[in-house]
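Work through the exercises below with the sequence and the model side by side. Each task is followed by a stepwise solution.

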Amino acid sequence: MCFRMEESEATVQEQRAPIKIMIAVSKSTLKGYPHPSISSSQAFDWTLQKLIPHSCREDYQLLLLHIQVPDEDGLDDMDSIYATANDFKDMKQKEKIRGLHLLKEFVNKCNLAQVPCKCWIKEGAVKEEICKEVKRVHPDLLVVGSRGLSSIQRMFIGTVSEHCVKHVDIPVLVIKRRPEDAPDDPSDD
C-alpha cells in the first residue's frame, strides 16, 4: 500500500532511495536465447503483479541480473582445431548480444509497466555471481525462480535458490513455477 503525503513531506519522499528488487533472470534451456526461462518469467511477472503497487511504481527499481555460464572449451559451434583467437573473441561478443536480447524483453515489460529498472550481464558460476552482485549492489530483496527439482536432482545439481538463501544477507523470495507450466523434466526450463 502506498500513501500520498502532504507537499512538504513529498520533498523528503523524493530524496528517499527507491526500493531495489534484484531479479536473477536466465535463458530457456529448451528454446535458448532470447527466450527467458519459465522460472525467470514467472518470478518477474509475480514481482510486478504482487510486490509493486500500481499507484507508486516510481518508488521501486528492478535490478535485472543475467549470468552467462561460459562454455567449458568455448567452442559450441566449431571444431577446436580450426579456432583462432578472433573466433573466441567473436563468440564472446555474440553471447553478450544474445544476453542483451534476453534482457531487452524484461526491460520492455518494465517500460510498459512504468517501473524503473537497470540490467546487466555477468559471466561465471550462477550461484556465486548472484551472491557477489547482491554484495556489490545492495538490493533490498532478491527474487529468484525455482525449477522444482526433485530431491535427487537437488542433491547432485544443487539449486541456485537454496544457495542464495544460505549465502546472501538480504531477504530472498523464491517463486515456484506453476505446475501446469513445468516441462516433463524440471531441469528443462
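**Exercise 1.** Which residues of α4 are buried?

Solution. The model is predicted: local features need pLDDT of at least 70, side-chain atom pairs count only at pLDDT 80 or more, and totals for chains, interfaces and linings use all residues. Residues are numbered from 1 along each chain as its sequence is written, and side-chain values use heavy atoms, with hydrogens and water left out.

Step 1. Apply the cut-offs: buried is under 20% relative accessible area, exposed is over 50%, and partly exposed is in between (1.4 Å probe, protein chains only).
Step 2. Read off the buried set of α4: E129, I130, C131, E133, V134 and V137.
Step 3. Find the cover, using contact (heavy atoms within 4.5 Å). The elements over these buried residues include β1 (19–25), β4 (60–68), β5 (117–123), β6 (141–146) and α6 (160–167). Helices (H or I, at least four residues) and strands (E, at least two) are DSSP runs, numbered from the N terminus.

**Exercise 2.** Check the span of helix α4 against its number of residues.

Solution.
Step 1. The expected span is 1.5 Å times one less than the number of residues.
Step 2. Helix α4 (residues 126–137) has 12 residues, so 16 Å is expected.
Step 3. The end C-alpha atoms of α4 are 16 Å apart, which agrees.
Step 4. Look past the end: H138 follows α4 and has a positive phi, near 60 degrees.

**Exercise 3.** Place the salt bridges that involve E129 and E133.

Solution.
Step 1. A salt bridge needs a side-chain nitrogen of Lys or Arg within 4 Å of a carboxyl oxygen of Asp or Glu. The structure holds six.
Step 2. E129 pairs with K132, with closest N and O atoms 3.3 Å apart. Both sit in helix α4, three residues apart, so about one helical turn separates them. E129 counts as buried because its relative accessible area is 11%.
Step 3. E133 pairs with K122 at 3.9 Å between the closest N and O atoms. E133 lies in helix α4 and K122 in strand β5, so the bridge ties together parts 11 residues apart in sequence. E133 is buried at 4%; K122 is partly exposed at 29%.
Step 4. Extend the pair: K122, E133 and R136 form a network of salt bridges.

**Exercise 4.** Which residue forms a salt bridge with K109?

Solution.
Step 1. The partner is D45, with the closest N and O atoms 3.6 Å apart.
Step 2. K109 is in helix α3 (residues 85–113) and D45 in helix α2 (residues 38–51), so distant parts of the chain, 64 residues apart, are linked.
Step 3. K109 is partly exposed at 33% relative accessibility. D45 is partly exposed at 28%.
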